[in-house]
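Subject: Handover of a structure and the findings from it

Dear colleague,

Please find the structure below, together with its sequence. An account of what was found in it follows, and I would be grateful if you read the two side by side.

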Amino acid sequence: MSNTPMAASPLTRAVLEIDEYVSGLGWDQPARLFALVDTARLRAQEPGLAALLGLEDEQATTGLTPIEQEEIPAGKPLDEFLGTIAWPDPVVGCALTVERLMLPPSAEASVPEGLSDKKLSQWVARHPDRQEVRMTVAVLRDGTRDSALRLREKDSPTEVLTGGALVPGLAEALSATFED
């Protein structure tokens, strides 16, 4: 968590920590899923794992530790994959990082009608105003949400936008993984 602000909430710190980690891997990465666990509980209940993760000397009594999960299956739509997830009780939240192309609102009027999803994706990929964005979205079991957005053209930790309502659809999908 070298660049994460200590005054931020534990969820914001976790989102920024994940953003920083994935940023270090470069762009054009697959989606990545993380379980979020209570750091103090992890140290108490799983000291070996906490030591392996370098958490045994952490001074903070509150916080969340992101634990990357297995790779998301290639070729499976993200919404279908998320529908198959169920988290055990020790997992207090989850986060997902995904890269997408984004258009400014001004481009909406020029979207051709009747395009299939594949054709629409191709159209967006060729649009001169497209932006590549990495989204890291996290939710807790209690409904708390946070997100980090990083544009490829402004790929700097100081240019990361954070907020709980930046990617509501993805936050909803992640929250659904905690429903019974």
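Strands, like helices, are DSSP runs numbered from the N terminus, a strand having at least two residues. In this sense Glu99 belongs to strand β3. Please bear in mind throughout that this is a predicted model.

Let me begin with Glu99. Its relative accessible area is 16%, and because buried means under 20%, Glu99 is classed as buried. The side chain of Glu99 reaches two backbone nitrogens: that of Asp28 at 2.9 Å and that of Gln29 at 3.2 Å. Leaving out residues up to four places away in sequence, Glu99 touches Gly26, Trp27, Asp28, Gln29, Val133 and Arg134.

Glu99 also takes part in the lining of the largest pocket, along with Arg100, Leu101, Asp117, Leu120, Ser121 and Val124. Two elements, β3 (91-102) and α5 (117-126), each give two or more residues to this lining. The largest share, 4 residues, is from α5. By character, the lining comprises 3 nonpolar, 1 polar and 3 charged residues. The volume of the pocket is about 360 Å³.

Arg130 is situated in the loop between α5 and β4. Is Arg130 buried, partly exposed or exposed? Its relative accessibility is 36%, so Arg130 counts as partly exposed. A polar atom of the Arg130 side chain lies 2.8 Å from the backbone oxygen of His127. Apart from residues up to four places away in sequence, Arg130 touches Leu101, Met102, Leu103, Val124 and Ala125. Leu101 and Val124 are also among the residues that line the largest pocket. Between Arg130 and Leu149, which are 19 residues apart along the chain, the C-alpha separation is 15 Å.

Finally, the nonpolar interior. The largest nonpolar core has 27 residues, and those with the most contacts inside it are Leu33, Ile72, Leu82, Trp87, Leu96, Leu170 and Leu174. At least two residues of this core come from each of β1 (32-38), α4 (78-82), β3, β4 (131-140) and α6 (168-175). Ile72 may serve as an example: beyond its neighbours within four places in sequence, it is in contact with Ala31, Arg32, Leu33, Leu78, Phe81 and Leu96. There is also a second, separate core of 14 residues, including Ile18, Leu64, Leu140 and Ala148.

With kind regards

Conventions. Residues numbered from 1 in each chain as written. Predicted model: local features only at pLDDT ≥ 70, side-chain atom pairs only at ≥ 80, totals over all residues. Heavy atoms only, no water. 1 Å grid on protein atoms, 1.4 Å probe; cavity = no way out; pocket = protein on both sides within 12 Å on 5 of 7 lines; lining within 4 Å. Points joined across faces, edges and corners; volume = space filled by probe spheres on them. Nonpolar A, V, L, I, M, F, W, Y, C, P; charged D, E, K, R; others polar. Core = buried A, V, L, I, M, F, W, Y, C linked by side-chain atoms within 4.5 Å. Buried < 20%, exposed > 50% of the residue type's maximum accessible area, 1.4 Å probe, protein only. Contact = heavy atoms within 4.5 Å. Polar contact = N/O pair within 3.5 Å; in protein donor to acceptor, adjacent residues only side chain to side chain.
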